[in-house]
Structures are given as structure tokens and as C-alpha cells.
There are 2 protein chains.
Amino acid sequence: MKIIQSIQEMTEWSRHHSVGLGLVPTMGFLHEAHLALVKKSLKECQSTVVSIFTNPAQFGPKEDLDSYPKDLENDQKKLEALKTDVLFLPPPEEVYPSGYKTYIKVKDISERLCGITRPVFFEGVATVVLKLFNIVRPEFAFFGEKDWQQLEVIRTMVRDLNLDVTIKTVPLIREPDGLAMSSRNSYLSGEERRSALGLYKSLNVAKDLLDQGETSVPVLREKIRDVIAQNPFTNIEYISICDPHTFEECDQIFQKALIALAVKVGKARLIDNVIVERISCKD
Amino acid sequence: MKIIQSIQEMTEWSRHHSVGLGLVPTMGFLHEAHLALVKKSLKECQSTVVSIFTNPAQFGPKEDLDSYPKDLENDQKKLEALKTDVLFLPPPEEVYPSGYKTYIKVKDISERLCGITRPVFFEGVATVVLKLFNIVRPEFAFFGEKDWQQLEVIRTMVRDLNLDVTIKTVPLIREPDGLAMSSRNSYLSGEERRSALGLYKSLNVAKDLLDQGETSVPVLREKIRDVIAQNPFTNIEYISICDPHTFEECDQIFQKALIALAVKVGKARLIDNVIVERISCKD
């Protein structure tokens, strides 16, 4: 595995490997869900670049940029074991040099769900992803469906800015007990981790209710709130039942909807989601 | 000259002509200053694409989008006479399809000078230029120094977003009597046109004063104001004497400075600028 630590070297390498090039952008501390993206790229692409960059632009001033988990040595071993072609480690001072000024705004959809409490988050994500696309020039880029809203923001940016990259996705991956995989799970104590299972449980309860015919969003939302709130250390940020592309809140589930959660468990801000569909025998 | 009227066709053509490709983005109603950009591209590049697109995203709701001058037939003749390779005429509904959401913000420098009264202008310019870069994938792109602030915004975007395009420029070009060339000069009546010469005159007066040793910005600014205000139909929007890259206002001219003006003459909003330098025998 080649390790590249400068933007210029990455650009030069990419110019000679542009055909069938896959990019997996990450912030490191790699778990199975990241590796599923890498495996998919390795399988489908001629060569694969994995970037690790903890992007300061997507963290608010009171968020966990400084404490975000890192384990580069371990990440490197995991990527080597999969036979990743390139690990790209751009230095922050090259990504955002002194006097940096340019940011990408994807209106409307960036302002909902996570965008309400994290007003700079999607601007930071879109900006760094566009920069990585311009540096690496991949044909394919891989993102997880756990970050559903992020995925929609990136897809919208790709379409709107006429970018010549195909976005590929991997479904949300859970631990055996159901907790959605996340680097931030490392913040959880044993007790908090048990509480965190409430997120997945609440999604299942809502799905079951919907299967039984309950389509009222206020009823479903209250039920989700109850299930989560039964667990100590939980602090609900939002429970959204919305259109999976516009993120407009629904009153009632007619067809497909996204149920998305953001909950603080201890100091870990966790997100989870599921796509639900009303199955109607009459339609 | 090939005329291309769809983004997809433009993308395909560009993929086969990417080496040494030059792009001249315009809003049409071409005058000598546009043609100077085209000539420079034709001379320096292997092939040249000129785009004509009146970009709605850079006009405010009360601005002159609907009345912006057009003469496609004449533009086409002028470009053909120069042996331009491609005239690209992207349809507005393809550039900004329904549900379009993504905009580029170049902070700080977009908020000064023209950015104060035209708050969406540079966001619209940066967005459409980035889109054109992504569609056409030029190696070189050509812009005029009359739009000095726009040029700095584009240069900053290119550097910040790691774009693989080289920006080339052509100095501001004036009519024989000194009026800076602009498509908006067509809005001027005969009397207004005479008044509009006050912009150039005022810049010359300021330059002469500076050459005589006057470095105080308040003094120079007042003198410029006096010269312009002597002309009827003029309404000064700003007179800025500032750093040519950050656009921070100066108190005194020590080295290089930009003197930039925006003045309404009748209904035409005109801009003009000059770079001045204090020549000191002692330094």
C-alpha cells in the first residue's frame, strides 16, 4: 500500500491511475462499516484510494474535533490487509492553507435534521468532499447509508456541479446487538452503550407499528421518543419522519419515508436511521 | 465553428479535446474586450470554447437580468470570424434544473466592494464558473481585469478547491475616449455616455495627485467623488481605495492599491478600476 501525504503527490499519482479509480473518504478510526466501503471499492474499481482526514471544517466550535478518536497505526494495518492501493493522508495545513475562503453550500437539505444543531456540518462535508474529488479525480466514490443526509447532500452537489463521479453506497452496518457502527461509539461507557441500543429498538418498534397499520407520524414519533427516553443518559436531539430526499417532515406515512434520529448518549452524539415503506394491499 | 447547445454534448466534445483547451466564459453581447480574451485563448491554446450564458444566479431580484443586452447572431459572426472552435450555449434549464441547490461561497472578498450592494453576485459567478469548469474541463480559462474583484474571487476558488485550471487575464480595455468597455454601456443615452467619462477622468485625476505625492486616501477619495459628481445622471455606489487582493480599505497608499469605482449612470451600473503604485525615490 502506497502512503501519500501531500496533495501534489496525490494529484500526480491519480493522473496516472484515473481509469476505474475508486475513492473512499473517511475520518479514520476505521470499523467494519468503513471496511465494507473499502471492500466494495476494491471489488468494483481498478484501484482504490482511501483518504483519512479529520476535517475541521465540519466540526462546530463546541464539538469533538480535538477528541475525535484516532488510531492511524491500526487503520493502516486494516487497509494493508485488504490490499488497498493508496492511503491518502492530506496534511490539514495543505487542505485549508492560511487565507482559505471557499465553501460549498447545498441549500435546504443541509439546513434540516442534523443541519439544525450542526449549522456548519454539511458545508464542511461538501467542501472537503469536493476538494478530495478535485485532488483524487475518482470515477467512483463510496459513502455509507448511515450518514443518509450527508449522502443526499453529496449526491445533490455532484448533480448540481456537473461532477464526473459516480456515488456508490453501502447500507448501514450494525454491531451484532443492533447498535449502528460509528467511530463515536468509542466514547460510550458500558452503561451508556446499553442505553444506546434504545435507538435501534425505537426504530424497530416504529417499523412494527407501521406494519400493523399505524401511519400517523405524531403517534409514531411519540412511541420512538418513549422507547429512547426509557434509557438513562439519553438526550434526544431530533426524531424525524420525513421524505428521504427533501427531508420535509411528514404528517402521515403514505409511501416511503426516512426515520432519522440524533440522540446524545453521554457525550456521544449518535445518529441512526431506517427507510420504511407503507405496504398497502389496495395499491 | 461548432455550436453546442447541451451540457452532455459539451462534456463529450471536451473529453476528446482536453489537451490545451481554453475556455472564455461570457454573458454575450460581445465587444472588443471579450474578443481580446478570445484572441488570447486562440493564440495560446490548442482549441477554444467560448460560452455565452446570461447567468440568472448572479443577478439580484431588482437587477437587469431581463433587460441584459443580447445579440446572438452578431456574437456568432464575431466568433466565427476569429475561427473560434466551439460556441457553447447551455440552456438555463440544464444549468439550473428544477431543485437546484448548490452554491459556492468565497468568504470575505465576496462581501466587499460590489458584494455590498450585490450580495448574491459573486456566489452566482463562482457557481456558474465552477460548473463551466466541470463541464468543459479547460486547461486555461480567460477573464478580464475590468472585473477585478470577480477575478480575485475566481482565483481564490481555483486555489481553494484544488481546481486544475490556469487562469489567464487581459487588461481592462477602453473605448477611444476612455470609457471602460462593458455590455452595459449600451444602456447609456448620448448625454449619459458623456457623464460616464467622469469615471475614467476621476481615476486619472487620482493617479496624477498620487504622482504628485498625495497619498492620503480620504483626500484622494474626495477628489474622485468631486470629479464624478460634476457629471449629471451619476449616482456613486462606492469609491474604494484598497488592497488589490483582500479589498481592505487603505488609509494611505504605501505601495500598490486598487482604486475601484461603481457608479450608476442613468440606469447603467458601471464599474471601473486602476491599479496605482506609489513611486518613492527614497525606497
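In strand β10(B), B:Ile271 is the bridge partner of B:Ala262. The model is a predicted one, and this pair is a convenient place to start reading it. A second rung can be found in β10(B) too, where B:Leu270 is the bridge partner of B:Val263. Both pairs belong to the antiparallel partnership of strand β9 (residues 256-265) of chain B with β10(B), which is held together by 10 bridges. The two strands form a hairpin with 2 residues between them. In that turn sits B:Gly266, whose phi is positive, at about 60°.

Stepping back from the hairpin, the wider sheet comes into view. Strands β8, β9 and β10 of chain B make an open sheet of 3 strands, in that order and with antiparallel pairing. Its edges are β8 (234-242) and β10 (268-277) of chain B, each of which pairs on one side only. From one strand to the next, the twist averages 15°. As a general reminder, strands of a sheet pair through backbone hydrogen bonds, in either a parallel or an antiparallel sense.

Two helices accompany this sheet. Helix α8 (residues 190-211) of chain B lies across β8, β9 and β10 of chain B, and runs at about 15° to β10(B). Helix α9 (residues 217-229) of chain B also packs on the sheet, where β8 and β9 of chain B are the strands touched. The direction of α9 makes about 155° with that of β8(B).

Turning to the chain as a whole, chain A contains 9 helices and 10 strands. The radius of gyration of chain A is 19 Å, close to the 19 Å given by the globule rule for 283 residues, so chain A is as compact as a globular protein of that length. Its C-alpha trace spans about 55 × 45 × 40 Å along the principal axes. Of the 283 residues in chain A, 41% count as buried. Among contacts in chain A with a separation of 6 or more, 71% come from residues 24 or more positions apart.

How, then, do the chains meet? The contact draws 21 residues from chain B and 21 residues from chain A. On the side of chain B that touches chain A, β5 (102-106), α6 (121-136) and α7 (148-160) of chain B each supply at least two residues. The largest share on that side, 5 residues, is the contribution of β5(B). By chemical character, the residues on this side of chain B divide into 11 nonpolar, 4 polar and 6 charged.

Strand β5 also takes part in pairing across the interface. Strand β5 (residues 102-106) of chain A pairs with β5(B) in the antiparallel sense, over 5 bridges. One of the cross-chain partnerships links A:Tyr103 to B:Lys105, its bridge partner in β5(B).

The symmetry of the pair completes the picture. In general, two copies of a chain are related by a rotation about an axis and a shift along it. Here, chain B is superposed on chain A by a rotation of 180° with 0.0 Å of shift along the axis, at an RMSD of 0.0 Å. That is the relation of a two-fold axis. Of the residues of chain B, B:Ile104 comes closest to this rotation axis, with its C-alpha at 2.4 Å. Finally, 100% of the interface residues of chain B are also interface residues in chain A, so the copies meet through the same surface.

Key
Residues are numbered from 1 along each chain as its sequence is written. Chains are lettered from A and ligands numbered from 1 in the order in which they are written. This is a predicted model: local features need pLDDT of at least 70, side-chain atom pairs count only at pLDDT 80 or more; totals for chains, interfaces and linings use all residues. Helices (H or I, at least four residues) and strands (E, at least two) are DSSP runs, numbered from the N terminus. The radius of gyration is taken over C-alpha atoms; the globule rule is 2.2 Å times the number of residues to the power 0.38. A residue is buried if 20 or more other C-beta atoms lie within 10 Å of its own, exposed if 12 or fewer, and partly exposed in between; C-beta atoms are placed from the backbone. Two residues are in contact if their C-beta atoms, placed from the backbone, lie within 7 Å. Ala, Val, Leu, Ile, Met, Phe, Trp, Tyr, Cys and Pro count as nonpolar, Asp, Glu, Lys and Arg as charged, and the others, Gly among them, as polar. Two strands pair if DSSP finds at least two bridges between them. Copies are superposed by least squares on the C-alpha atoms of residues with pLDDT of at least 70 in both. Axes are lines fitted to C-alpha atoms, for helices over the stretch in contact, and angles run from 0 to 180 degrees between N-to-C directions.
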